[in-house]
Amino acid sequence: MIKVDNRIFKLDTADTSYIFSVTDKGHLEHIYYGPLLKDGNYEALRQKNTILLGSTVNYEDDDAYSLDHLLLEYSGTGKGDFRESPAELIMPDGSFVFDFCFDSHTVTDGAYQAEGLPTAYGDAETLTVLMKDKKYPNIELRLYYTVFEAENVIARAVELENRGEGDVYIRKLMSYMLDFPYDNYDMITLNGSWIKEAHICRRRVDRGTLVNSSATGSSSNKHNPAFMLVSRDADDERGRVYGFNLIYSGNHYSAVEQSDFGSVRVMGGINPHCFLWRLKKGEKFSAPQAVMTFSDEGINGMSENMHAFVNERIVRGKHKSAERPIVINNWEATFFNFNSRKILALARRAKRLGIEMLVLDDGWFGNRNSDRAGLGDWVVNKRKLPGGINALARRVNKMGMRFGLWFEPECVNPDSELYRAHPDWAITVEGREPSLGRHQLVLDLTRAEVRDYIVDSLHRVLSEANIEYVKWDYNRHISDMFSRTLKNQGEFYHRYILGLYDILNRVFIRLHPNILLESCSSGGNRFDLGMLCYSPQIWTSDNTDPIERLDIQRGIYTFYPQSAVSAHVSMSPHQQTLRATPLSTRFNVATFGVLGYELDFAELTPSELKEVKSQIEFYKSNRCLLQYGALRRVPMADEDMECWQISGEGKIIAGVFNRLKHAAPCRDILRVPDADAEREYTVATVGQRLRIKRFGSLIKHITPIALRIDGFVLRTVDRHFSLKDGEEIYRCRGDVLNYGISLAMQYEGTGYNPDIRVLGDFGSNLYLIKENENG
């Protein structure tokens with residue numbers, strides 16, 4: 001709800017209030033962002049500035065008015081505010097000085113929309129504040145505030161319009177800015193690299209500036225655009241947490257600056273790196289929409305807001321709130337070495353286990369037998385698939401499975417028919433040797449003819465077969481950034497992203513709206529709200545090692561719901577780490593997301609195949625809860641353990657995960673904060689199996705005859721038989737679960753019975769916690 005009274009603006013969501021006002025000089029003064037406030041007088045909240053100190057630059061003749069000491073909503077340059085500015089503009093007079101002041105405002109029903117850019121949608125109110133430069137009133141700045149009340153999210157956007165005679169050059173235009181009063185804050189970001197995405201990094205906010213940015217051409221696996229500003233005492237369950245994110249897939253920039261008087265300035269938007277935009281008379285530039293939320297219930301509270309926002313206001317179309325299929329992807333099973341026979345054999349085995357969709361990955365087109373050739377030639381390789389995609393899809397469909405297909409439309413190999421025909425379509429600089437990534441170049445999406453080729457190629461393939469899912473990959477960063485058709489290369493990066501959105505709109509919104517799109521970029525290189533507007537789920541990481549995924553998915557879950565997180569079970573030892581992990585743990589981690597499998601089932605033992613079938617049955621019976629329930633991270637006493645819980649539908653599923661385990665471990669407590677204290681519950685482990693070989697040479701001490709642990713007998717037994725692992729069942733009230741129940745002991749060096757949890761390094765358990773009908 002948006003309320004305006006005497007030039008004071010109050011934006012209320014279900015649980016938060018955001019307040020700012022217009023000063024006597026026409027600047028926007030930030031007053032408050034925090035828990036919901038009743039309507040009243042907010043004068044006591046204003047920062048007090050009654051006298052200025054030495055070296056302060058006054059604004060006009062008022063001795064107590066300096067922009068450097070005000071808490072602002074959006075600042076300027078050259079008028080006394082020496083903190084980082086959200087904008088750098090070259091004005092028609094050639095100077096960098098600008099001073100936007102309040103002119104008017106409007107409040108409208110509905111969500112803000114921007115031409116060419118994805119934005120949040122749905123029931124909302126939008127406040128538009130029009131500001132004009134004092135010297136050039138025909139240069140207008142519009143600040144947009146869209147209030148999504150139920151999700152506790154406020155979306156912000158900025159537009160700059162030139163109605164004057166001279167050109168304006170934009171070197172920087174942040175999507176939002178706000179100043180917080182002095183307090184002790186930390187900044188939390190999601191940092192990483194390939195196969196190491198979204199690791200949580202917490203840094204103290206102190207004098208100076210902390211920056212979170214990407215200059216790779218995409219939102220990047222190095223620094224996700226999402227970040228938090230948290231009180232120093234905040235953790236998952238308590239403390240004040242502000243969350244910020246950007247609905248954008250390109251270079252981004254966020255800064256948190258503490259001034260010399262302790263106030264904290266936060267801003268975010270397009271990275272000014274290599275950015276220069278010429279704004280002619282009559283033109284308008286729209287910065288990407290940003291979103292922010294607040295919770296005083298810790299990081300989990302902030303996450304709950306953001307998860308609801310993504311599911312309700314970002315994901316759209318047929319697949320919004322829809323249960324996602326369980327897939328088998330052939331990549332780790334075959335790489336490029338496959339044919340129809342291999343793929344159909346994989347599909348038959350997957351079908352018997354209950355898997356619902358086969359996804360054919362890289363290698364089905366052109367001369368694509370490695371990553372050195374063929375990319376860009378979207379014509380089926382008839383040597384591998386003699387009947388083409390249509391025949392393969394029909395045979396997969398006849399088995400009762402759906403069919404999906406991999407593309408990487410944004411890139412091209414120099415060894416391809418496309419490159420030989422159109423070398424100028426690749427992003428290169430004339431006279432310089434281009435830098436390759438994965439033996440490929442990036443296509444120039446700023447050019448209409450390149451976009452048309454991609455749209456036409458994909459439309460042709462997608463129209464000739466029953467393809468219900470597309471995995472859209474993008475396996476490199478942009479280098480040699482240059483377009484032969486752009487006069488101003490400072491526009492290149494942003495126009496590339498606008499071109500990408502144009503293609504996604506044309507293919508998946510207009511032509512093929514029923515296809516489920518999964519975005520991928522060497523894993524999580526482009527995990528952002530912009531892509532989620534087109535792609536309801538994203539391949540989180542090329543790393544399928546579940547222990548690595550604990551850190552990767554933990555970071556992703558802070559801002560993105562499990563319905564967006566694609567997670568697969570793969571073979572062990574894992575290709576990315578060579579770590580061996582139990583099949584149960586691989587599933588237990590992947591089940592907190594959109595489940596898939598990426599392995600050759602022919603390499604599993606009969607015992608393991610039974611376990612996979614049981615896993616899939618459990619996932620299907622709880623799929624809606626696992627994909628759309630409320631996710632919470634619950635701290636464990638042992639810092640080498642992780643606990644995730646999902647609640648809803650009268651059920652809670654808890655996952656307890658070991659990393660490294662020491663001998664004679666302490667006893668574990670499972671605390672379930674979301675249990676209703678007044679209800680009765682049954683807590684039961686989800687069945688999983690323990691392989692015989694897990695006990696190693698200990699087996700020799702319990703067999704009546706001497707057996708080699710690597711001999712035929714024990715290898716045969718291990719293939720066909722397994723043991724129950726740690727069966728537990730408890731009945732208790734919710735208040736007991738809130739406090740925490742004692743779990744069965746873990747293996748402590750001697751003895752086995754079905755009540756012991758034989759977890760060790762990398763072991764885990766799932767617990768299904770259900771309300772009793774008479775409870």
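Me: Before we look at helix α7, what span should we expect of a helix?
Reply: The expected span is 1.5 Å times one less than the number of residues. Helices here are DSSP runs (H or I, at least four residues), strands are E runs of at least two, and both are numbered from the N terminus. This is a predicted model, where local features need pLDDT of at least 70, side-chain atom pairs count only at pLDDT 80 or more, and totals for chains, interfaces and linings use all residues. Residues are numbered from 1 along each chain as its sequence is written, and side-chain values use heavy atoms, leaving out hydrogens and water.

Me: How far does α7 reach from its first C-alpha to its last?
Reply: α7 has 20 residues, for which 28 Å is expected. Its reach comes close to that, at 27 Å.

Me: Where is the kink in α7 centred?
Reply: The bend at a residue is the angle between axes fitted to the seven residues ending there and the seven starting there. In α7 that gives a kink of about 30°, centred on N505.

Me: Is E161 buried or exposed?
Reply: E161 sits in strand β9, residues 153–162. Buried means under 20% relative accessible area and exposed over 50%, with partly exposed in between (1.4 Å probe, protein chains only). E161 comes in at 15%, so it counts as buried.

Me: Which side chain makes a polar contact with the side chain of E161?
Reply: A polar contact is a pair of N or O atoms within 3.5 Å; within protein, one must be able to donate a hydrogen and the other to accept it, and residues adjacent in sequence count only if both atoms are side-chain atoms. At 2.8 Å, the partner of E161 is R142.
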